[in-house]
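Here is a quick tour of one protein chain, told residue by residue and helix by helix. Have the viewer open while you read.

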Amino acid sequence: MDKRQQLVITAFELFYRQGIHAVGINQILQVSGIAKKTLYHHFAGKEALVVATLAYRDAVYLQWLDARLAQGKSTVTAVIDTLFAALDDWINDREQQLTPFQGCFFINTCGEYGDLGHDIHQQCASHKTAIMTMLADYLQRTGLAPQAAERLATTLCLLKEGVTVQAHVQGNKQAAINARQLALMAADCSEI
């Protein structure tokens, strides 16, 4: 792993566990063992490093979710079952590809960068849009009409976000299992 990637991964892990504003550059340098000069060679400042950590997590999370969804793509029910099983594995720390669950890095980041027009906030919003697009695509592959797939993908994303918040804020490690039934009911309605 090169030094830039090492900085990004170290910063992500610290930001995800402790919060972006709670972690200083010196802590990132100390944990990574990389010199300040090297950090500033790769990044103009902390905000540029935050942007890089978001891009890193976006790529890792979307790759993970795509691989999981590909396992259940034959029917709408299979897509829903696969999505909520994946979320259950994530929030219960059974997923090797993802770091131990600390909620959604993108939601957490938006909590620290509340201005809707801020580039970092926009990057988080793009991640959420990518997930919705991915879900709609998988739902269309099952034969669901495009508009119905988009409506159901929107509902699934709302449930997914609720699951993530319930698991993180309230410690409800059964949230994904509980939301699955609601998702299946929504799927029945979307096909009408």
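## Around Arg57

Setting aside neighbours within four places in sequence, Arg57 is in contact with Phe12, Tyr16, Trp90, Leu98, Thr99, Phe105 and Phe106. Keep in mind that this is a predicted model. Arg57 belongs to helix H4, and with a relative accessible area of 3% it is buried. If you want a long-range yardstick, take Arg57 and Ala176: they are 119 residues apart in sequence, and their C-alpha atoms are 21 Å apart in space.

## H4 against H7

Now for the helix that carries Arg57. Two packed helices are described by the angle between their axes and the distance between the axes. For H4 (residues 46–69) and H7 (residues 119–141), the axes come within 10 Å and cross at roughly 10°. That makes H4 roughly parallel to H7, because angles under 35 degrees count that way.

Which residues do the meeting? On the H4 side they are Glu47, Val50, Val51, Leu54, Ala55, Asp58, Tyr61, Leu62, Leu65, Asp66 and Leu69, and on the H7 side Ile120, Gln123, Cys124, His127, Ala130, Ile131, Met134, Leu135 and Tyr138. Sorted by type, the residues of this H4–H7 contact come out as 15 nonpolar, 2 polar and 3 charged.

Tyr138 turns up again when you look at Lys73, which is placed in the loop between H4 and helix H5 (76–91). Lys73 and Tyr138 are 65 residues apart in sequence, yet 6.2 Å apart in space, C-alpha to C-alpha. Not counting residues up to four places away in sequence, Lys73 touches Val79, Tyr138, Arg141 and Thr142.

## H5 and the loop after it

Asp88 is found in helix H5. Leaving aside neighbours within four places in sequence, Asp88 has contacts to Arg94, Lys173, Ala176 and Ile177. That list includes Ala176, the far partner in the Arg57 pair above.

Asp93 is placed in the loop between H5 and helix H6 (105–112). Worth a look in a Ramachandran plot: the phi of Asp93 is near 55°, a positive value in a residue other than glycine.

## Cysteines and accessibility

How many disulfides does a search of the whole structure find? The search finds 0. The sulfur of Cys104 has its closest cysteine sulfur in Cys124, and at 7.7 Å that is too far for a bond, because a disulfide needs the sulfur atoms within 2.5 Å. Cys157 is in no disulfide either, with the nearest cysteine sulfur, that of Cys104, 11 Å away. Cys124 is also one of the H7 residues that meet H4.

Here are relative accessibilities for some of the residues discussed so far:

| Residue | Relative accessibility | Class |
|---|---|---|
| Lys73 | 42% | partly exposed |
| Asp88 | 12% | buried |
| Asp93 | 48% | partly exposed |
| Cys104 | 6% | buried |
| Cys157 | 7% | buried |

Asp88 counts as buried because its 12% falls under the 20% cut-off.

## What the record says

UniProt, in an unreviewed entry, places the feature "domain: HTH tetR-type" at residues 1–61. Over residues 1–61 the model is 77% helix and 0% strand, with the end C-alpha atoms 19 Å apart. UniProt also lists residues 24–43 as "DNA-binding region", again from an unreviewed entry. Residues 24–43 are 75% helix and 0% strand here, and the end C-alpha atoms of the span lie 14 Å apart.

Note on methods
Residues numbered from 1 in each chain as written. Predicted model: local features only at pLDDT ≥ 70, side-chain atom pairs only at ≥ 80, totals over all residues. Heavy atoms only, no water. UniProt positions renumbered as here; feature names shortened; annotations may be inferred. Helix = DSSP H or I, 4+ residues; strand = E, 2+ residues; numbered from the N terminus. Axes fitted to C-alpha atoms, helices over the stretch in contact; angles between N-to-C directions. Parallel < 35°, antiparallel > 145°, perpendicular 65-115°, else oblique. Contact = heavy atoms within 4.5 Å. Nonpolar A, V, L, I, M, F, W, Y, C, P; charged D, E, K, R; others polar. Buried < 20%, exposed > 50% of the residue type's maximum accessible area, 1.4 Å probe, protein only.
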